[in-house]
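Here's a quick tour for anyone about to set up calculations on this one. Have a look at the model first, and then we'll go through pockets, helix packing and a few backbone oddities.

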Amino acid sequence: MHTPPWGSGGPESAESPLPERGDGSSVRIGVLAPLTEPGWVEAGRHLLAGLEVAVGEVNDAGGIDGRALELVVRDTAADPRRAVAAVEELAGLGVTVLAGEYHSVVARAAADRADALGVPFLCSSAVLDALVERPTHWVARLAPPQSRGWRVYADFLLGAGHRRIAVATRPSLYWAAGTRILRDRFAAHGGTVTELDTNALTATGVCDALVDSRATALLLLVGHPDPAVPIVKSVRGDRRLAGILIGAPAGQPEFAGWVAPLGGDGAGVPFLRYLPAGASPLGTRVDEALRAKLGEAPSFVAFEGYDTGVVLAETLRSHGTDRTRLAASWPSVAVEGTRGRIHFTRVPGIDVWQWAGAPIQVVDRDPAEPGRFRVLHTG
């Protein structure tokens, strides 16, 4: 089952929300995802598709003790305040557990409110280390923390011989945390990181600053399509920067929306992806189901969504629907997901229950065939 957040008119429609089921006939999971701009809509769509495939399989097999799983979906639109309001609404509607979200700053706001309200939250895709403001047993996370993933990315750059890099940034807790991770890693190896503020620089100004910095790589720590697309086009078109590497550690090139405005200019841009080196039989089967649902190749975010559904189904089967019991069960989770065996532990410096074994790859689109991905590094 899937309760959408709005009528057919969409999120800004005056139509009333569809009726909510409160008769106890289903087990209700509150889902947070960016489904309208300025959120990364493709990521939200893939995340939701993964959850829907997993929940559909559970329901086809008889549900949880004969009760169907029902997704009650709310659009966060990359807005932390909207996410907090959604958490409060869903808690009031009596959902058993919360799941989802892609944007780290939004997930942080949602996790903090879920913790305060005592609602278990399985965060699917956001990576910010400081997902909550204090240690909590209410929140668990599938995606690897930013400090781990971005160190892997820094090691890829260092291994490729880059010692002087630049980062094009916009003010954000997430981008600032990423810059700090990169700066610390490069400093430990005698490298430097130059920060370029895209609020103060045009795309052409970024090119001029790159020339002055003598950086060999530019990382895009900015939103898409603006200012990422204009920057990529300007850098690719500047003869002075013919040899520079463009990177996007946050994963924007994973989605078709990256290629559409950039074409071949969007290839050869390394990014982080959370998939294993080889697909398991489960991963292969789920890949086929996701392709059929999405009408395109699934991103790693779709697999994160599916694994979220698998974890929640197993937890609900084993521990029931009481919120307190569910939150206490995170450390006992042991379930096979599409990307490996999932279990949660306490990781130093991380205040939520964390899957420490999530796979990490550095990948780009092949310049000779932009629809094909190349794995450049694993960690």
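With which side chain does the side chain of Asp287 make a polar contact? The partner is the side chain of Arg291, at 2.7 Å. Keep in mind that this is a predicted model, and that the distance is computed from it.

Asp287 is a handy place to start. The residue sits in helix α9, and if you skip its neighbours within four places in sequence, Asp287 is in contact with Pro298 and Phe303.

**The pockets**

That takes us straight to the second largest pocket, with a volume of about 510 Å³. Its lining counts 27 residues, and Arg273, Leu275, Asp287, Arg291 and Pro298 are the closest to the pocket centre. So both ends of the Asp287–Arg291 polar contact turn up again here, and Pro298, a contact of Asp287, does too. Helix α9 (281–294) gives the largest share of this lining, four residues, while β16 (361–366) and β17 (369–378) each supply at least two.

The largest pocket holds about 830 Å³ of space. Of its 34 lining residues, Trp40, Tyr102, His103, Trp175 and Gly223 are the closest to the centre. Three helices, α1 (41–60), α3 (104–117) and α5 (173–187), each put at least two residues into the lining, and α3 has the largest share with three.

Here are the two pockets by volume and by class of lining residue:

| Pocket | Volume | Nonpolar | Polar | Charged |
|---|---|---|---|---|
| Largest | about 830 Å³ | 21 residues | nine residues | four residues |
| Second largest | about 510 Å³ | 11 residues | nine residues | seven residues |

**How the helices pack**

Two of the helices that line the largest pocket, α1 and α3, also appear in the packing below. Two packed helices are described by the angle between their axes and the distance between the axes.

Take α1 and α10 (residues 300–319) to begin with: their axes come within 7 Å and cross at roughly 35°. The crossing is right-handed. On the α1 side the contact is made by Ala43, His46, Leu47, Gly50, Leu51, Val53, Ala54, Glu57 and Val58. On the α10 side, the residues include Val301, Ala302, Gly305, Tyr306 and Arg317. By class, this contact has 11 nonpolar, five polar and two charged residues.

Next up is α2 (residues 80–93) against α3, where the axes come within 8 Å and cross at roughly 30°. This crossing is right-handed as well. From α2 the contact uses Pro80, Ala83, Val84, Val87, Glu88 and Ala91. From α3 it draws on Val105, Val106, Ala109, Ala110, Arg113, Ala114 and Leu117. The classes come out as 11 nonpolar, two charged and no polar residues.

**Backbone details to check**

Where are the cis peptide bonds that you'd want to keep an eye on in your input files? One joins Glu37 and Pro38, with omega about 10°. Pro38 lies in the loop between β2 (26–33) and α1. Another cis bond runs from His224 to Pro225, with omega near 10°, and Pro225 belongs to the loop between β9 (217–221) and α7 (228–236).

Finally, there's Asp65: it is not a glycine, yet its phi is positive, at about 50°. You'll find Asp65 in the loop between α1 and β3 (68–75).

Technical notes:
Residues are numbered from 1 along each chain as its sequence is written. This is a predicted model: local features need pLDDT of at least 70, side-chain atom pairs count only at pLDDT 80 or more; totals for chains, interfaces and linings use all residues. Side-chain values use heavy atoms; hydrogens and water are left out. On a 1 Å grid over the protein atoms alone, a cavity is a set of points where a 1.4 Å probe fits but cannot get out, and a pocket is an open set with protein on both sides within 12 Å along at least five of seven lines; lining residues have an atom within 4 Å of a point. Grid points are joined across faces, edges and corners, and a volume is the space filled by probe spheres set on the points. Ala, Val, Leu, Ile, Met, Phe, Trp, Tyr, Cys and Pro count as nonpolar, Asp, Glu, Lys and Arg as charged, and the others, Gly among them, as polar. A polar contact is a pair of N or O atoms within 3.5 Å; within protein, one must be able to donate a hydrogen and the other to accept it, and residues adjacent in sequence count only if both atoms are side-chain atoms. Contact means heavy atoms within 4.5 Å. Axes are lines fitted to C-alpha atoms, for helices over the stretch in contact, and angles run from 0 to 180 degrees between N-to-C directions. A crossing is left-handed if the near helix is turned anticlockwise from the far one by less than a right angle, and right-handed if clockwise.
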